[in-house]
Structure formats: structure tokens, C-alpha cells
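Reader: Could you walk me through this structure? I am new to it and would like to ask a few short questions.

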Amino acid sequence: MNIQTNERYKQIKPAYLFSEIGSRVRTYEQNNPEAKIIRMGIGDVTLPLPEVVTASMIKACEEMGHKETFRGYPPEYGYGFLRESISTHYADNNVSVDPDSVFVSDGAKSDLGNIVDILGQNRILIPDPVYPVYVDSNIMSGNNITFTNGTKENGFLPLPDAVSPEDQRASVIYLCSPNNPTGAVYDRNGLTLWVEYALKTGSLIIFDSAYEAFIADDDLPHSIYEIPGAKECAIEICSFSKFAGFTGVRCGWTVIPDNLKSGTYDLQALWKRRQATKFNGVSYPVQRAAQAALSDEGIKACLSNINYYRENARIITDLLDEKNIFYTGGKNSPYVWMECPGKTGSWDFFDLLLHKINVVGTPGEGFGMNGEGYFRLTAFGSRENTIEAAARLKDFL
Ligand code: PLP
């Protein structure tokens with residue numbers, strides 16, 4: 001073949017993190033077949049879907065098998081029933097979001113990756129460490145990225161003062177709260193500072209709230225739209241994956257308020273055009289399942305699963321408290337982000353845990369430069385494994 005390919009892909013760091021983890025674990029297992037390895041690195045849910053959700057999905061599948069209730073292509077922005085349910089869910093949390101501003105998708109990752117389609121060449125501000133999709137999708141689009149540093153000093157929650165005064169200009173700002181991998185959550189004050197900064201500089205915030213359902217503290221914001229002025233400067237992207245266990249079902253949504261404009265450009269109109277051209281909607285049974293997850297019974301069942309994970313997180317953080325080890329996350333997030341003791345590098349710490357106590361986590365370095373020296377443990381495992389891992393860590397740390 002003699003075609004040109006997207007040269008920018010060469011600049012993307014190879015997705016080596018999880019394959020490298022997999023390969024080190026496999027090698028260890030081959031050499032130590034008796035070892036009982038506990039995986040505390042997974043970012044995927046493990047509890048099954050609540051019955052209210054599967055019942056709704058099965059019923060919708062049945063409907064598809066009858067002439068009278070069969071449905072073809074779904075609307076590309078989502079069925080009205082689900083857009084309404086999402087809007088009502090916001091209203092239940094005292095946030096007003098018009099159903100017409102809600103765009104249903106097959107998950108937050110797609111929307112986070114695709115949103116660059118409607119944006120031009122901008123200065124991009126991305127926190128480090130963070131979920132790698134923001135960085136990679138902007139590199140694919142040829143954008144230059146400026147990182148805002150998450151550090152122990154700022155609790156891994158960089159604020160606008162991280163941007164030098166002479167460099168304060170219109171940018172696309174990514175915020176992830178609760179953050180993956182650090183589990184850190186912006187409070188109202190922190191988000192207000194970012195919204196004020198965005199309004200002052202003419203910037204756009206892309207707010208990833210995929211883990212909002214894990215927020216336990218009453219005073220922490222679940223949505224950027226809890227902050228006055230956010231509807232003039234922010235897009236919110238959320239997911240059913242972690243809230244309702246939909247990682248394998250696939251459903252999420254993006255909110256683009258109708259007054260979100262840049263000059264004469266209306267961002268909602270651009271997103272509608274983008275989706276109508278490149279996306280054909282989410283399947284009917286999946287949207288019915290998502291609607292069921294947002295029913296009173298669904299929310300109760302989903303929160304019960306989340307409480308299970310929360311208890312796992314508590315088991316891990318109790319141990320770190322006991323050992324006086326610095327960490328963020330855990331309480332309002334399924335992720336616990338711990339400092340590697342004795343200034344150990346994150347890959348060295350990974351090897352130590354694997355070899356000495358057969359516990360697998362995720363080296364922080366894989367999420368950005370500031371992740372070096374940190375380690376991510378997740379609460380998504382079984383209770384039994386979490387207790388056993390904590391006991392092994394207790395002896396080791
Ligand atoms: N946003 C963050 C911060 C994530 O960690 C993840 C997945 O792990 C996603 C988005 C992707 O969510 P979805 O499963 O809806 O694509």
C-alpha cells in the first residue's frame with residue numbers, strides 16, 4: 001500500500017501499561033505456579049447487574065421479537081425516555097439539565113475521544129496524572145498539551161493557579177472528578193475556581209464525572225453544573241459503567257447546554273451534526289436497561305453495589321492509615337492512590353508486591369509523569385480478596 005496514515009499516532013505512547021503488567025504477572029505465574037495472586041489493579045466492575053436492570057433489558061429484547069413492538073434504528077441522540085430519565089436524575093440532585101441537552105452514547109470513553117472532532121486547534125490543559133484518553137485523543141488531533149501538575153502538595157487536585165499568569169488564555173480544560181487514578185475529588189470551591197477561570201479566559205471545561213456515584217460526602221459536587229456559570233463554559237461527560245455496572249453493556253451520556261457558544265459557533269449544534277454523521281445510536285434494550293438503572297429501585301440496587309466496593313476501599317484505606325502512608329481517594333472513589341513507601345519507584349513497588357506478597361496493583365507512572373512514586377489499588381475486587389490482600393500488605397508494609 002502507498003497511502004498516508006495519521007503520522008500523529010507515532011507520537012502516542014504505546015499502550016504498554018496493562019500489557020506490561022500482564023506480561024510481568026504471567027512470567028511470575030509461570031515460575032511460581034502455586035502462587036495465589038490477588039489482582040487489585042483492575043478498573044472494571046465485578047458485581048453482576050441488578051435484577052431490575054436485566055429484567056428491563058430482557059423485556060426490551062422480547063419487544064424486539066414482535067412486529068408490533070419491534071424498533072429499528074434508534075434516535076442518534078438517545079430515546080426520549082432515557083434523555084428524560086437522565087434529566088430527572090439531575091433534577092433529583094437539584095441540578096437542572098434540559099433533556100434536549102443530553103446526548104446518549106455507548107459510553108464516556110467514546111464521547112471523551114470524539115469530542116475533539118468539534119473543536120479546532122486549541123491550547124489544551126490536562127491534569128497529570130489522569131485517565132490517558134484525554135491526552136491520546138488530543139495528540140491524535142494534533143493539539144499541543146499543557147499539563148497541570150497533580151502533586152502531594154495540592155492533593156492531586158491542580159487549580160488554575162497552576163497556570164502561570166502570563167499564560168492565562170482560552171483553552172480546553174479537562175477535569176476528572178473523582179479522578180482516575182488518584183480518587184481525588186474537587187470540592188465546590190475548587191470547581192468554582194475552574195469555572196471562574198474558564199469564564200474569564202473564554203475557555204471550555206470538559207468535565208468527566210464517570211465516578212460521580214462513588215461520592216459519599218454530602219458537600220462534594222457530583223456535577224459541574226452545580227457550580228454557577230458552568231452552563232456557559234462546560235460540557236459534562238458521564239457513564240453508566242461505574243454507577244450501574246455497565247462496563248460490558250455500554251451506555252453513557254454527554255451534556256452540552258444549549259447556551260454553550262464560542263463566537264458564533266453553537267457547540268450543541270456541532271455535536272448534533274457530529275453524532276448524526278458518525279453515530280447511529282445505542283441499542284433499544286441497552287437504553288431500557290439504563291432507564292431501569294435510574295428508576296428508584298434501580299438506583300437503590302446500584303448504590304448497594306457501590307457500597308460493597310466502598311467497604312473494600314475502606315479496608316484498604318484503614319490499613320494505610322494504620323501504617324501512616326499518604327494516599328488520596330478511597331472514600332469518594334473506588335481508587336486508592338498510595339505513595340510508595342521509602343521513595344520506591346512505582347514499577348519497583350509493583351515488582352516488590354508481586355514477588356513478595358503476590359498482590360498486583362497499577363504503577364502510578366502509567367498515568368503521567370506525576371504518578372511516579374505512586375501506586376493505584378482498586379476496590380473493585382471481591383471482599384474476600386480485598387481482606388486477604390490487606391492482610392498481606394499489613395505484614396509487608
Ligand atoms: N472516564 C474515566 C475517568 C474512566 O476511568 C473511564 C473508564 O475506566 C471512562 C471514562 C470510560 O467509561 P465508559 O466505560 O463509559 O466508556
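Author: What follows is a short exchange about the ligand, one helix and some single residues. Please keep in mind that the model is predicted.

Reader: Let us start with the ligand. Which residues come nearest to the ligand?

Author: There are 14 residues around the ligand, and those that come nearest are Ala 108, Asp 208, Tyr 211, Ser 239 and Ser 241.

Reader: Which polar backbone atoms are close to an oxygen atom of the ligand, and at what distance?

Author: A polar backbone atom of Ala 108 is 2.7 Å from a ligand oxygen atom. For Lys 109, a polar backbone atom is 2.9 Å from an oxygen atom of the ligand.

Reader: And what about a polar side-chain atom of Lys 242?

Author: That side-chain atom of Lys 242 lies 2.8 Å from an oxygen atom of the ligand. On its own the ligand has 400 Å² of accessible area, and the protein covers 91% of that.

Reader: Which pocket does the ligand take up?

Author: The ligand takes up the space of the largest pocket. Two elements, α4 (108-114) and α7 (241-244), each give two or more residues to the shell around the ligand.

Reader: Which element gives the largest share of that shell?

Author: The largest share comes from α4, with three residues.

Reader: Now a change of topic. Where is Ser 209, and is it buried or exposed?

Author: Ser 209 is in the loop between β6 (204-208) and β7 (234-239). Its relative accessible area is 0%, which is under the 20% cut-off, so Ser 209 counts as buried.

Reader: What is Ser 209 in contact with, leaving aside its neighbours within four places in sequence?

Author: Ser 209 is then in contact with Ser 177, His 222, Glu 236, Ile 237 and Cys 238.

Reader: And Pro 48: buried or exposed?

Author: Pro 48 has 62% relative accessibility, and because that is over 50%, Pro 48 counts as exposed. Pro 48 is found in the loop between β1 (38-39) and α2 (51-64).

Reader: How far apart are Pro 48 and Glu 232?

Author: In sequence, Pro 48 and Glu 232 are 184 residues apart; in space they are 38 Å apart, C-alpha to C-alpha.

Reader: One last topic, helix α9. How many of its residues are buried?

Author: Helix α9 spans residues 284-293, and nine of its ten residues are buried. Among them are Tyr 284, Gln 287 and Arg 288.

Reader: What covers the buried residues of α9?

Author: The cover includes α2, α3 (80-92), β2 (102-105), α7 and α10 (296-322).

Conventions:
Residues numbered from 1 in each chain as written. Predicted model: local features only at pLDDT ≥ 70, side-chain atom pairs only at ≥ 80, totals over all residues. Heavy atoms only, no water. Helix = DSSP H or I, 4+ residues; strand = E, 2+ residues; numbered from the N terminus. Buried < 20%, exposed > 50% of the residue type's maximum accessible area, 1.4 Å probe, protein only. Contact = heavy atoms within 4.5 Å. Near = heavy atom within 4 Å. Polar contact = N/O pair within 3.5 Å; in protein donor to acceptor, adjacent residues only side chain to side chain. Areas by Shrake-Rupley, 256 points an atom, 1.4 Å probe, with all protein chains shown as cover. 1 Å grid on protein atoms, 1.4 Å probe; cavity = no way out; pocket = protein on both sides within 12 Å on 5 of 7 lines; lining within 4 Å. Sits in = over half its atoms within 2 Å of the grid points.
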